[in-house]
Every structure is written in structure tokens, then in C-alpha cells.
Amino acid sequence: MKDSRIREFEKILEGIRVPANMGMEQQAQLMKPISDIVEEMLPSRLYRFRQCSERNFDAVYKDQIWVSRGSDVNDDYDTCLYYDNKKINEWLKSLHDEKFYLKILNLKSTQSIPKLIRDFFPAQELEKRLTIIQQLSQHDIEKFAFDFKQYIQDNLSKKLEEITALIQQGVKFACFSENISSAMMWGHYAENGTGFALGYDFRAGKLNNCPECDKLEKECLYPMLCHIYPIIYNNKRYDATEYAMYMFQYWLLSDVLCKCGFVNNSQWINIVMPCPDNSMLSKIAIHKSSEWKPEKEWRLFCSNYRPDFFYEAHSVVKKNSVAIYLGRKISSINEKILKDIAREKGIECYKMELNKSQVYKLKPIKQKL
């Protein structure tokens with residue numbers, strides 16, 4: 001793929017923000033320019049390199065793609081949150097302003113509390129908290145301002161590290177390449193050419209094909225939501241400082257509310273302080289070092305509202321392959337297994353061979369089944 005198209009894709013994606021409090025139809029409309037350019041850029045076939053194993057053969061037979069967490073892939077920087085400490089410190093300095101805290105604490109009655117907050121908490125509880133605030137002296141307010149800033153400084157570094165780990169564990173994707181003829185890819189991801197690869201067609205929005213609920217004639221309670229993006233290669237890490245600050249403020253508000261007795265507060269916080277950009281995790285996960293550029297990678301991202309999805313190390317997406325590619329040095333028994341699967345599923349099968357030309361490029365030779 002030409003670099004100019006990738007730059008165009010990057011520019012469009014970076015210019016779009018999807019607020020969490022926006023409806024699903026509005027979000028889809030907002031993301032349409034991305035969907036359109038991805039559809040234009042998608043190759044007719046993307047390839048997933050695999051090792052020969054019973055589990056991988058079973059996945060081929062069942063049309064399964066296993067998606068993994070960012071923390072489990074082979075690049076230490078993958079989905080690793082980068083934030084600018086200078087910007088973080090500037091934000092901290094802006095908090096150390098007694099007038100800022102006075103404005104928050106100077107509430108005359110429960111009616112001066114935003115309606116959104118009043119709707120979520122019992123009036124009696126709010127009145128009790130308001131009375132405590134109104135009884136604070138100027139000295140108490142200034143002390144609170146100082147202590148609060150110190151509390152942030154004491155927890156900032158540790159919490160940002162925890163947030164980074166949370167992102168790496170929460171983002172799930174499967175990796176594909178544009179290049180089936182790369183000896184490097186066969187060497188790195190298919191056991192030195194003794195494994196195999198699968199070809200997929202993701203065009204026309206065909207990102208998965210789970211038929212289970214259709215067969216049962218009922219609406220799926222937990223549909224698998226998928227989207228696919230090309231990797232953006234750069235020599236500098238993606239700056240996600242704004243998102244890091246949002247995540248820290250989310251934790252901070254939740255922690256303060258818990259200390260005040262409001263334990264189950266996530267629903268309220270998500271409404272009061274919605275995520276400014278629901279697409280941020282994908283933006284973080286598609287930026288990689290230019291060292292990886294020869295892989296010509298695409299990523300299929302998947303999410304699901306099923307309660308245990310976030311905690312799974314690996315999750316499955318239903319998607320049929322359109323071809324099987326056998327490694328040049330695959331064993332005879334593994335070759336037979338995969339050819340039998342291809343024959344039964346009615347898909348093409350190829351075997352990689354050395355190219356006779358001077359170019360370092362493997363050649364797929366179609367097999368008779």
C-alpha cells in the first residue's frame with residue numbers, strides 16, 4: 001500500500017473524535033469517512049500466519065479467528081500508552097489555584113448543585129454533604145486545595161502505569177499481513193516455513209460471519225463488534241496524553257466518591273464525564289515503530305459487552321478463510337491435514353516455493369485437492 005494512502009487515512013482518523021455519550025447511529029455516521037477509506041484501501045486478500053498445532057487446525061475447521069490482548073504480542077511497545085510528562089505537569093500546576101477550589105466548594109444550596117448530580121444521589125445524602133462543605137473555613141478550603149494537589153501527585157505515576165497495563169490487557173485484536181510472499185513473515189510467524197497461512201477477504205464490511213443467533217431465530221444479546229485498520233508506522237510513539245489525563249481524572253473522581261461513601265458510581269461518572277473519544281484505543285493500537293513496516297500489517301479489532309470478555313486472554317471471532325497456504329517446509333502429515341480441510345470446506349490451497357528469479361520472494365503454487 002502506498003504511504004500517501006496511509007497518511008490520508010491517518011489524517012482522517014486523527015480528525016475524528018467519537019464521544020461516548022453519542023448515540024450508536026450518530027457514531028456510525030461520524031465514522032463513515034473512516035469506513036469509506038478503509039474499504040477503498042483493503043486488499044482483496046489479507047493473510048494470517050500460523051504454526052501447525054491441533055488447536056490451530058481446529059480453528060481453521062471451525063472458521064475461528066482468535067483475538068489476543070495487546071500485552072501478549074511480541075512488541076513491547078504494542079498498545080503501550082505514551083503521555084507527555086511536561087503536559088501532565090502543566091495540568092497539575094493549573095489545579096493549584098485556591099479560587100478554582102473555592103468555586104467548587106462555594107455551594108449555597110442543593111439547588112446550586114448541577115441537576116445531573118442531583119438526579120443520581122438521594123436529596124438527603126446531598127444535603128448532608130453540602131452542610132459539611134458549607135461549614136468549612138477559608139483555612140480548611142485552602143488546606144483542602146493543597147492536600148488534594150498532593151494526593152494527585154502521590155498517585156499520578158502509579159495510576160498511569162496501571163492505566164497503561166489496563167489498556168494493554170483490554171484491547172483485543174488479530175494481526176494480518178498484505179504480503180503472502182514474504183520469507184521474513186514465514187520465518188517469524190509460521191515456524192520457519194513449517195507452518196501455514198490463511199487468506200481472508202474483509203471487503204464489503206464482511207468482518208465476521210457468526211450465524212449462531214440467526215439459526216436460533218433470536219436477537220444476539222452480545223454481538224461481536226469488529227473493525228479493521230491498517231497499521232501506521234512511525235519513528236515516534238503516538239501521543240495519547242489527553243486520553244491518559246482523562247483516564248486518571250476518571251479514576252480520581254471514582255476514588256473520591258468512594259471515600260465519600262458513593263461506592264457504585266461508574267454509571268454516574270460515565271454520564272458526568274464521558275470518554276471524549278471512543279476510538280482512542282484503536283488509535284493507540286495501530287501505531288507501531290517503523291522497524292515493523294516490512295510486515296505490512298492490518299489489525300482486526302473486536303469488542304463485546306459480554307461480562308467476561310474483558311478478562312479473557314483470548315476471544316474468538318467467527319470468520320471463514322478463502323484459502324490455505326502451506327509453508328515450503330511443512331511436514332507431510334500437516335500438509336495432508338490442511339489439504340483435507342481445504343477440500344472439505346471447498347476453498348483454494350497453495351504451497352509456497354522458492355522464486356526462481358533474483359528477487360527475494362516466495363511464490364504460492366496452487367495445489368490439486
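**Helix packing and aromatic pairs in a predicted chain**

Among contacts in the chain between residues at least 6 apart in sequence, 81% join residues at least 24 apart. I should say at once that what we are looking at is a predicted model, and that the chain has 15 helices and 12 strands. Of its 369 residues, 41% count as buried.

Let me begin with helices. Two packed helices are described by the angle between their axes and the distance between the axes. Helix α1, which covers residues 3–14, packs with helix α3, residues 32–41, at an angle of about 165 degrees, and the axes are 10 Å apart. Angles over 145 degrees count as roughly antiparallel, and α1 and α3 are therefore roughly antiparallel to each other. The crossing in which α1 passes α3 is left-handed. From α1 the contact takes in Arg5, Ile6, Glu8, Phe9, Ile12 and Leu13, while α3 brings Pro33, Ile34, Ile37, Val38, Glu40 and Met41. Sorted by kind, the residues of this contact of α1 with α3 are nine nonpolar, no polar and three charged.

The second helix pair is α4, residues 54–61, with α15, residues 332–345, whose axes come within 10 Å and cross at roughly 10 degrees. Since angles under 35 degrees count as roughly parallel, α4 and α15 are therefore roughly parallel to each other, and their crossing is right-handed. Here Phe57, Val60 and Tyr61 of α4 meet Asn334, Ile337, Leu338, Ile341, Glu344 and Lys345 of α15. The residues in the contact of α4 with α15 divide into six nonpolar, one polar and two charged.

Phe57 leads us on to the aromatic rings. How many aromatic pairs does the structure hold? There are 14 aromatic pairs, and one of them joins Phe57 to Phe196 in a tilted arrangement, with 5.8 Å from centre to centre and 35 degrees between the planes. Because Phe57 lies in helix α4 and Phe196 in strand β4, residues 196–200, this pair ties together parts that are 139 residues apart in sequence. Are these two rings buried or exposed? Phe57 is buried, with a relative accessible area of 9%, and Phe196, at 0% relative accessibility, counts as buried as well.

Another pair is formed by Phe176 and Phe202, whose ring centres are 5.1 Å apart and whose planes stand at 75 degrees, so the pair is edge-to-face. Phe176 lies in strand β3, residues 172–177, and Phe202 in the loop between β4 and α11, so this pair ties together parts that are 26 residues apart in sequence. Phe176 and Phe202 are both buried. Ring pairs also link Phe9, Phe173, Tyr229 and Phe301 into a cluster, and Phe9 is one of the α1 residues in the contact with α3.

I will finish with a single residue, Gln64, which lies in strand β2, residues 64–69. Buried means under 20% relative accessible area, so Gln64, at 19% relative accessibility, counts as buried. With which residues is Gln64 in contact, leaving aside its neighbours within four places in sequence? They are Ala59, Tyr200, Val316, Val317 and Lys319. Gln64 and Asn209, for their part, are 145 residues apart in sequence and 9.9 Å apart in space, taken from C-alpha to C-alpha.

Notes
Residues numbered from 1 in each chain as written. Predicted model: local features only at pLDDT ≥ 70, side-chain atom pairs only at ≥ 80, totals over all residues. Heavy atoms only, no water. Axes fitted to C-alpha atoms, helices over the stretch in contact; angles between N-to-C directions. Helix = DSSP H or I, 4+ residues; strand = E, 2+ residues; numbered from the N terminus. Parallel < 35°, antiparallel > 145°, perpendicular 65-115°, else oblique. Left-handed = near helix turned anticlockwise from the far one by under 90°. Contact = heavy atoms within 4.5 Å. Nonpolar A, V, L, I, M, F, W, Y, C, P; charged D, E, K, R; others polar. Phe/Tyr/Trp six-rings, centres within 6.5 Å; stacked < 30°, edge-to-face > 60°. Buried < 20%, exposed > 50% of the residue type's maximum accessible area, 1.4 Å probe, protein only.
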